[in-house]
Amino acid sequence: MRLDPEALAKLLAGRRIASVSGTNGKTTTTHFLNAAVRAWAERPGGAGVDAVVTNADGANLHYGIASALSAAPRAELAILETDERVVPDLVRLGRPEVLVLLNFSRDQLDRNHEIKRLARDWRDALAAAGDDAPLVVANADEPLIVWACRGARRVVWVDTEATWQADAVLCPECGAMLRRTEPDDSPDGEGGDWSCPGCDLAQPSGDWQVRGELIIAPDGTELAAELQVPGRFNIGNAACALAAATAMGVDTATALAGMRTVTSPAGRFATTTIAGSTVRLLLAKNPAGWAESLPLAQTPTVVLAINAAAADGRDLSWLWDVEYEQLQGRTVIATGPRAHDLAVRLLYAGVEHRCVPGLAEALTGHPEPVDVISTYTPFQRLRKMGGL
């Protein structure tokens, strides 16, 4: 791209593109969608596995996308994880066929500032694309996503049963406080919804729906997710990937078969050996991610790894929005370059803990398996330490 500033546009041209973006879950969802499309391409009479290119390991900025595409110049299908800030450029340059929009939450505010600004950029980009705008597969549970989709040509809504609400208190359209129903109060009795009392912004009805362990297709067919990655939130990610795959022509049976082969996307949920201990790696980068990851940590000893490098976001004030109180009564080790910042938060949470800044030292000497929850840069180092 230094040699040719137009390289990204040229590399995107002529391909069928599906883009996945959002604050949390985009890597896993990209893996799901890539696996679904690859399974379809590998079927008898399909285009073949070489027809599919992806950047599913997280290099989701302009250079990372260009690098992945340049490695497969003849691949006609591109499944691209896309950073939130890159979405407008990808819509403008690549004219994706499908755009999956997952969620918005506070993340790296020193870089991204207010998340409403990102949502506005998405909305403006979709409106500017006009008739060339992509089909948007969007999370109906997320008010900012719904607001951003007001510029979209066509939207397929997915009711993901998302539970994180702390970043969507006010209406992005008029500023009124959003009204939410409890699950038992909703018309279908399945899950709560949201609406604005001050304007017409409200949760759309889901074309695809998540109900417990099931994904409900638009025709009412109940599909068992049966994923190899844990967490209710990943069933929501899978529902979005399935909706995108079917929009690209993949049948649900083939798509689900492919998605069920995903085990540890880019090291997430992987089990490995580090410093002689058996560890399972969980990634959490912001309060919403920690809210989903903490309940997955089931081992008696839990290691929490924290840093505030540029890739993590330098502002650690979000630590105070995470309910670390749920770790009370367990053995907790705070590690990583910013372990002492976390230790202060754990002290106020009433969680007994040890502060061991060195990752290897923190993981040494555990006779039983250990769950490790980590922010981005320690997570990448842990992957290397574990050979992942």
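User: Before we start, what does contact mean here?
Analyst: This is a predicted model, so everything below is computed from it. Two residues are in contact when they have heavy atoms within 4.5 Å.

User: Among contacts between residues at least 6 apart in sequence, what share joins residues at least 24 apart?
Analyst: Take the protein chain and keep the contacts between residues at least 6 apart in sequence. Of those, the share that joins residues at least 24 apart is 65%.

User: What radius of gyration does the protein chain have, next to that of a compact globule?
Analyst: Start with the length, which is 388 residues. A compact globule with that many would come out near 21 Å. The protein chain agrees, with a radius of gyration of 21 Å.

User: Which strands stand at the edges of the open six-stranded sheet?
Analyst: Read the strand order, E12-E13-E17-E14-E15-E16, where the pairing is mixed. An edge strand has a single partner, so one of its sides is left without a neighbour in the sheet. That fits the two strands at the edges, E12 (271-274) and E16 (353-355).

User: Which residue in E16 stands opposite Ala 334?
Analyst: Strand E15 covers residues 331-335 and runs parallel to E16, with three bridges joining them. Across from Ala 334, in E16, you'll find Cys 355.

User: Is Cys 355 buried, partly exposed or exposed?
Analyst: Buried needs a relative accessible area under 20%, and exposed needs over 50%. Cys 355 has 29%, so this residue counts as partly exposed.

User: Which helix lies across E14, E15 and E16?
Analyst: Look for the helix running at about 160° to E16. Its residues are 339-348, and its name is H11.

User: And which helix touches E12, E13, E14 and E17?
Analyst: This helix packs on the sheet too, and its direction makes about 145° with that of E13. It spans residues 376-385, which makes it H13.

User: How many residues of H8 are buried?
Analyst: H8 runs over residues 232-247 and reaches 23 Å from its first C-alpha to its last, close to the 22 Å expected. The helix is mostly covered, and its buried residues include Asn 234, Gly 236 and Cys 240. Out of 16 residues, the buried ones number twelve.

User: Which cysteine has the sulfur nearest to that of Cys 240, and how far away is it?
Analyst: Cys 240 is buried, with a relative accessible area of 1%. A disulfide needs sulfur atoms within 2.5 Å, and a search of the whole structure finds zero disulfides. For Cys 240, the nearest cysteine sulfur is 11 Å away and belongs to Cys 149.

Technical notes: Residues numbered from 1 in each chain as written. Predicted model: local features only at pLDDT ≥ 70, side-chain atom pairs only at ≥ 80, totals over all residues. Heavy atoms only, no water. Pairing = 2+ DSSP bridges. Helix = DSSP H or I, 4+ residues; strand = E, 2+ residues; numbered from the N terminus. Axes fitted to C-alpha atoms, helices over the stretch in contact; angles between N-to-C directions. Buried < 20%, exposed > 50% of the residue type's maximum accessible area, 1.4 Å probe, protein only. Expected span 1.5 Å × (residues − 1). Rg over C-alpha atoms; globule rule 2.2 N^0.38 Å.
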